[in-house]
Amino acid sequence: MRRVPTKKLKPGMKVGRSVINANEQVLLAAGTILTETFIARLQKLNIPSIYVDDGFLPDLQYNDVISEKVRYKAIQQTKKIFHDFRYTKNLVGLDKIESIVDDLVDELLNNKNIMVNLVDIRSNDEYTFGHCVNTCILSMITALRLGYSTNSIRLLAIGAILHDLGKTLIPLEVLNKPGKLTAEEYHLVKKHSEYGFELLCQNTQFQNASKLVVLHHHERYNGTGYPHGLARNQIPQNSAIVGLADMYDALTADRVYRSAYLPHEAFEMLSASGDYLFEFDIVKAFLHHVAAYPIGSLVKLNTGEIAVVIQNRPGFSLRPKLRVLFLSNNEPCTDQFEIDLAEVHNKTITQVLNDTVDLDLLKNKHIKINLP
Ligand SMILES: [Fe+2]
């Protein structure tokens, strides 16, 4: 199974993972064979990419840190709260945020192997709500690594899921403007962190640990952020964690104006942000649990072999376990074998080949995939 941009889909391809919207409606079920009509529908819905099942590596487990069911439920509920507030100015829905966070925290703490592997699939229309939930999940993982208590993770998560609530007070034509914002419009968008903070202050259920996330999630370690230009330890740790998670998720999502950066590209960018944009210890904790090469990535090694990533472990984000598909002479590997980069030190990943390798070559040669 691999992620294929919608513009590269072809009739006859098989849907690998169901495409679901934030209302939990299945737009296209796993197993469906794509037709021109289905592809046109995906394009019309602005779905940037989907998972295609190419019949290889059926044994690969794509379980992520939070199950799709809980993630989509959280997205659906967050969408409702944000919508209700934008159109009715009714803050009552905010009461439900605690139960959303409880579901996410419960699943996170019950998950033994916490590793973020999947790049989320969302339509551009659903971007905002998927982004709120992803930012929340990434923030919780970082806090767990930093030794936060369960209650502290909950308070952080509430702030994380609501970090952009203030955007509900910014006109949609400014938020969704495809071109460059004017100086005035940019100034208005930057107001969202203060607007969100003021909204949470109107509701007594929220504690400072959550409210300050919303106010300061755009502050940066070097003092270049907003709204107050705080620097170094002036920035509450919760706000810095959410700021980092917010940046990573935005980088790895397809947007109207640019394609997503690949996970290893975003990983590299954030690796360079320690004690510059974010405190180094927070960057380190974050990168401990985020796979630079998610499961299913096709990679080329310095030795010329082409392999697929089959496993990632916390702390070894850049050194996954691989299954070799092609030998260094480009011949399909008839007797597939595995390489654990955490143990083999003379091999390195030099290129990510997703969408460029013709796996049909394996099919045409009738190579059987060995299951472990
Ligand atoms: Fe924001």
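**Exercise 1. How many helices and strands does the protein chain have?**

Solution. The protein chain has 13 helices and ten strands. Both are DSSP runs numbered from the N terminus: helices are H or I with at least four residues, strands E with at least two. This is a predicted model: local features need pLDDT of at least 70, side-chain atom pairs count only at pLDDT 80 or more, and totals for chains, interfaces and linings use all residues. Residues are numbered from 1 along each chain as its sequence is written, and side-chain values use heavy atoms, without hydrogens and water.

**Exercise 2. What percentage of the 372 residues counts as buried?**

Solution. The share is 53%. Buried means under 20% relative accessible area, exposed over 50%, partly exposed in between (1.4 Å probe, protein chains only).

**Exercise 3. Find the largest nonpolar core and place it among the domains.**

Solution. Start with the term. A nonpolar core is a set of buried Ala, Val, Leu, Ile, Met, Phe, Trp, Tyr and Cys residues joined through side-chain atoms within 4.5 Å.

Next, the members. The largest core has 75 residues; Leu 104, Ile 161, Leu 162 and Phe 286 touch the most other members. Helix α4 (residues 127-145) gives the most, with nine residues.

Then the place. Domain 2 (68-287) and domain 3 (298-364) both contribute residues, so the core lies between them. The domain bounds come from an automatic or database assignment.

Last, look for another core. A second, separate one has 13 residues, including Val 4, Val 15, Leu 42 and Val 52.

**Exercise 4. Which residues does Leu 162 touch, not counting those up to four places away in sequence?**

Solution. They are Phe 82, Leu 94, Ile 97, Leu 200, Phe 206 and Val 214. Contact means heavy atoms within 4.5 Å.

**Exercise 5. Find the aromatic pairs and classify them.**

Solution. Rings of Phe, Tyr and Trp (its six-membered ring) pair if their centres lie within 6.5 Å; planes under 30 degrees apart count as stacked, over 60 as edge-to-face and the rest as tilted. The whole structure holds two pairs.

Take Phe 82 and Phe 129. Their ring centres are 6.1 Å apart and their planes at 85°, so the pair is edge-to-face. Phe 82 lies in helix α2 (residues 68-88) and Phe 129 in helix α4, so the pair ties together parts 47 residues apart in sequence. Phe 82 is buried at 4% relative accessibility. Phe 129 is buried at 8%.

Now take Tyr 248 and Phe 286. The centres are 5.3 Å apart and the planes at 65°, so this pair is edge-to-face. Tyr 248 and Phe 286 are both buried.
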